[in-house]
Amino acid sequence: MFDQLEFALEPGDGLILRGPNGSGKSSLLRLLAGLLRPSAGELRWAGGAFRADDPEHRARLHFVGHLDAGKANLTVRENLAFLAGLLGFAELREAALERFDLVALAELPVRYLSAGQKRRLALARLELAPRPLWLLDEPAVGLDATNRLHLEGLIADHRAAGGLCIVATHGDVSLPDALVLDFGGAAA
Amino acid sequence: MIRSLLALLHRDLRLAFRHGAETLLGAIFFALALALFPLGVGASADILARIGAGVIWVLALFAVLLTLERLYQSDYEDGSLELMVLAPVPLELLVFGKCLAHWLTSGLLLVVMSPLLALLMSLPAEAYWVLPAALLLGTPTLTLIGSIGAALLVGSRRGSALTALLVLPLYIPVLIFGVSAVDGYLLGLGGGAQLTILGAMLLFALALAPPATAAALRVALE
């Protein structure tokens, strides 16, 4: 899909992936998350090469893809409590519900939520556990202006704390002083 | 690690409970189909007792097969599977949790119902413990083998029909030893060896199915 792609990020860096549909933004994110295997090349973390499907690597990233991963018949709180448990935490942090104004929706089954609300549920995952690497695939799709600001604030806090954030976006999320990787030319 | 497993188990059981009708589909099919046999072949106790063990086992196979599709398909469609693959615990462990939840809501129901169904098929009194014992050892194997098939075909259309084609041949050993264990006891020949073999198959499936399923699921997400 792409070759001769090389980049390095320092703690606190943001990287925006930009480019037309189908140019490989999502594939790069899935590759970095370990869902895809690179056919050539290598990934390094803090100087050491690692395999993308390494359990250690999985423990340092959050991946938010196109699918919101909410179970329609579970409430918002139950969905998040499951994810917290899956990530190894006994309790759900209330902050995860508060960041995207999900408190009022907490006891509602996910099947009653709008697309934007489901998106907020998916993004609330970022608050569940501290992870240094965030991989976000068009995170703002369906979000209203207020929640987009919440998201940008969350990313800013994360970067201020030394986290990395890689976002594929069509320009609806802005990351101050982020590097930009443009897939435009490689699309052909 | 155990916490992740418990979280998944808890979620799956809760979902199974909320989708009550769908969950009970296999068990209801099992009971209804079996109730047809005395009507179809006649109520003669001899004939029913002769074919009883075989019929119950074949229907148990189909009942488990009916519920296999829900094992991974909905997680694949809504993205939960991505989260499971990316969770910081071995996917094999989570697969084991999924299978356990599936068995508790399918195979275990069949085990509990089986003495009643033995009565319906006029099986001798001994069957009231042999049949549940054989099903207790056999149905988890059915779930585990089925899990590999369900994972291989996750995301494909007409998955359930293909899963049946793929998985049914692999169910044959369980069927053979399950039926012969029950028949052995009923004919007074003893079926301890067959039960032991069912147990061995369960251990084999426990060791083999989680890694095979996990590998299939990873490929499905690529």
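This report walks through a predicted model, taking the sheet of chain A, then the contact between the chains, then chain B.

## About the model

Because the model is predicted, local features need pLDDT of at least 70 and side-chain atom pairs count only at pLDDT 80 or more, while totals for chains, interfaces and linings use all residues. Residues are numbered from 1 along each chain as its sequence is written, and chains are lettered from A and ligands numbered from 1 in the order in which they are written.

## The sheet of chain A

A good place to start is the open sheet in chain A, where 5 strands follow the order β4-β5-β6-β1-β7 with parallel pairing. Helices (H or I, at least four residues) and strands (E, at least two) are DSSP runs, numbered from the N terminus, and two strands pair if DSSP finds at least two bridges between them. The edges belong to β4 (61-64) and β7 (179-182) of chain A; each has a single partner strand, so one side of each is left without a neighbour in the sheet. On average, neighbouring strands are turned by 15° against each other, direction ignored. Axes here are lines fitted to C-alpha atoms, for helices over the stretch in contact, and angles run from 0 to 180 degrees between N-to-C directions.

Strand β1 (residues 14-18) of chain A runs parallel to β7(A), and 4 bridges join the two. Here A:L17 stands opposite A:L181 in β7(A). Helix α6 (residues 145-160) of chain A packs on the sheet, where α6 touches β1, β5 (133-137) and β6 (164-168) of chain A. The direction of α6 makes about 145° with that of β6(A). Two residues are in contact if their C-beta atoms, placed from the backbone, lie within 7 Å.

## Where the chains meet

The contact takes 23 residues from chain A and 22 residues from chain B. On the side of chain A, α2 (55-58) and α3 (76-86) each supply at least two residues, and the largest share, 4 residues, comes from α3(A).

This side of chain A divides into 14 nonpolar, 6 polar and 3 charged residues. Ala, Val, Leu, Ile, Met, Phe, Trp, Tyr, Cys and Pro count as nonpolar, Asp, Glu, Lys and Arg as charged, and the others, Gly among them, as polar.

## Chain B

Chain B has 10 helices and 0 strands. Buried residues (20 or more other C-beta atoms within 10 Å of their own, with C-beta atoms placed from the backbone) make up 49% of its 222 residues. Of the contacts in chain B with a separation of 6 or more, 80% are between residues 24 or more positions apart.

Terms used. A residue is buried if 20 or more other C-beta atoms lie within 10 Å of its own, exposed if 12 or fewer, and partly exposed in between; C-beta atoms are placed from the backbone.
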